[in-house]
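Trainee: Before we go through this model, I would like each term to be held against its definition. Could we take the terms one at a time?

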Amino acid sequence: MHDIRWIRDDPEAFDAAMARRGVEPLSARVIEMDAKRREAQTEAQELQTRRNELSKRIGQLKSKGEDAQALMDEVAAGKDAQAAAEAAAKEAGDQVDELLSGIPNALDADVPDGADEDDNRELRAWGEPRQFDFDPKEHDDLGEALGLMDFERAAGMSGARFVILTGALARLERAIGDFMLDIQTQEFGYTEVSPPLLVRDHALFGTGQLPKFGDDLFKTDEGRWMIPTAEVPLTNMAAGEILDEEDLPLRYTARTPCFRSEAGASGKDTKGMIRQHQFTKVELVSIAHPDKSAEEHERMTECAEAILRRLELPYRTMVLCSGDTGFSARKTYDIEVWLPGQGRYREISSCSNCGDFQARRMKARYRPGEGQGKNKGTWFVHTLNGSGLAVGRTLIAVMENGQRKDGSIVLPQALQPYMNGREVLSPDA
RNA sequence: GGAGAGGUGGCUGAGUGGUCGAAAGCGGCGGUCUUGAAAACCGUUGAGGGUUCAUAGCCCUCCGGGGGUUCGAAUCCCUCCCUCUCCGCCA
């Protein structure tokens, strides 16, 4: 959500910022509706002032036992005009809110312009893709050959885009999540959270999935939504709060299932477990001081990259271009892991700085501490979220990168303690 | 699911139709005292919005959300959400 005062004060800058997103100029409409709102509001307030004065005098007269009928008649006479002004103000205000709530965040200055993911820019890469002396397979072929990954029976009970992992592969998924949580909590200072997986409308409004992207989500028949990412509950930890400045940043992590309808992805990634309706992810969220959010963004991205290095998985880090950056983000880094079976890099983490965009929507603020002089009051925090990492896709990467010609899989050393010391997944196990 | 009790400022908690944005305490901030600190004492301290060059004044709103009654609502009514207690069910 944007600060209406910014749009009012600098409509050209606002329209220019939206143009980078391919959004038509909206400032004129917003300003017009807002002017209408303020005009009606001012009128209603003036009438209210008068009414308050009269009511007070009525009370005084009545307490003295005098007649107040003339004043009461005067109040009654002004009622319709005030009601009309209030209704006009509310209607215009609702229109402003509706329009504003569907406008994406403004992009950071150093986000490159571009149309789609082809215009994303590589910032750095780590690790050399391994050379195979055989044709590396994709994870689903490997998993099915091991007898530990079953798409057919999953489809039978749940439909397309679900998978059943069994035995050592199920264990591996758990191990990967445990490993990630241990690193993020013990080494990088994130507080582990076990959040609700079902949330209300307003929580999703706060993070920006609603009102525009409800089609991407699953909804229960009593009106709750299944979370598409733990970003939703973790960021909403700060919703409605007025935090102390000294408590920032708050850093939360959670491993949760994520549920996505993938409504717009039909035909895309239909094979394997790259794109599922349900997947596990370790999420990182920071509630940060506005002056520190850019720094926190770099830190968070590093926290995600560190996982890949320890798992010996080659990756590259991209900054998303204007056309590929999500609704709530002002700047996003994607981390892409090398998948030998596919022969390309695939997204495994997305780390975004949302600035105050989500904070405004969910009223997450902090109170500046001492030394702030006249800048009293409250300020919106900045919110950041990132995958640290997507567990399902990490499982895929471990399988494809660790595979041997016989279909067995060598596990990264870092995971072996989480697998009872096991070094290899092979068909006989 | 059934029955009941509640939701008040950063926190605890008074207030049942007018002078209540709201007592008191805690916390915070400023000061006195002190070599310094603590204690004690004094003062101060909510949020959002409109108007405005103004983070000066003035005004409006906010006592869980929304709606209603009334000249006037934190106080009365309706509704939704949430919390707690007892019963039932249950991982």
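Trainee: What makes β1 and strand β10 (residues 315-319) count as paired?

Mentor: The two run in the antiparallel sense and are joined over five bridges, and strands are said to pair if DSSP finds at least two bridges between them, so the criterion is met. One of the bridges can be named, since Arg121 has Val319 of β10 as its bridge partner. The names themselves denote DSSP runs numbered from the N terminus, with helices being H or I of at least four residues and strands being E of at least two.

Mentor: Some conventions belong here: this is a predicted model, in which local features need pLDDT of at least 70 and side-chain atom pairs count only at pLDDT 80 or more, while totals for chains, interfaces and linings use all residues. Residues are numbered from 1 along each chain as its sequence is written, chains are lettered from A and ligands numbered from 1 in the order in which they are written, and side-chain values use heavy atoms, with hydrogens and water left out.

Trainee: Why are β1 (121-126) and β4 (191-192) said to stand at the edges?

Mentor: The open sheet has eight strands with mixed pairing, in the order β1-β10-β11-β12-β15-β9-β8-β4. Each of β1 and β4 has a single partner strand, so one side of each is left without a neighbour in the sheet.

Trainee: Which strands does helix α10 (residues 293-310) touch, and how is its direction related to that of β15?

Mentor: Helix α10 packs on the sheet and touches β1, β8, β9, β10, β11 (331-339), β12 (344-353) and β15, and its direction makes about 5 degrees with that of β15. Helix α7 (residues 167-187) lies across β4, β8 (250-259), β9 (278-288) and β15 (382-390), and runs at about 165 degrees to β8. These angles lie between N-to-C directions on a scale from 0 to 180 degrees, with axes fitted to C-alpha atoms, for helices over the stretch in contact.

Trainee: Why is Ala230 called buried?

Mentor: Ala230 has 0% relative accessibility and so counts as buried, the term being used under 20% relative accessible area, with exposed over 50% and partly exposed in between (1.4 Å probe, protein chains only). Ala230 is in the loop between β6 (225-226) and α9 (231-235). Beyond its neighbours within four places in sequence, Ala230 is in contact (heavy atoms within 4.5 Å) with Ala254, Thr256, Cys258, Lys281 and Glu283.

Trainee: How do you know that the side chains of His382 and Ser293 make a polar contact?

Mentor: They come to 2.8 Å, and a polar contact is a pair of N or O atoms within 3.5 Å, where within protein one must be able to donate a hydrogen and the other to accept it, and residues adjacent in sequence count only if both atoms are side-chain atoms. His382 lies in strand β15 and counts as buried because its relative accessibility is 8%.

Trainee: What makes a residue part of the surface near RNA strand B, and how many residues surround that strand?

Mentor: A residue is near if one of its heavy atoms lies within 4 Å of the strand, and 26 residues surround RNA strand B, the closest being Gln41, Thr42, Arg51, Arg200 and Thr378. The most comes from α3, with 13 residues. Of the strand's atoms within 4 Å of the protein, 81% belong to sugar or phosphate and the rest to bases. Phosphate oxygens lie 3.1 Å from a side-chain N or O atom of Arg38 and 3.2 Å from one of Gln48, whereas a polar side-chain atom of Gln45 lies 3.3 Å from a base nitrogen.
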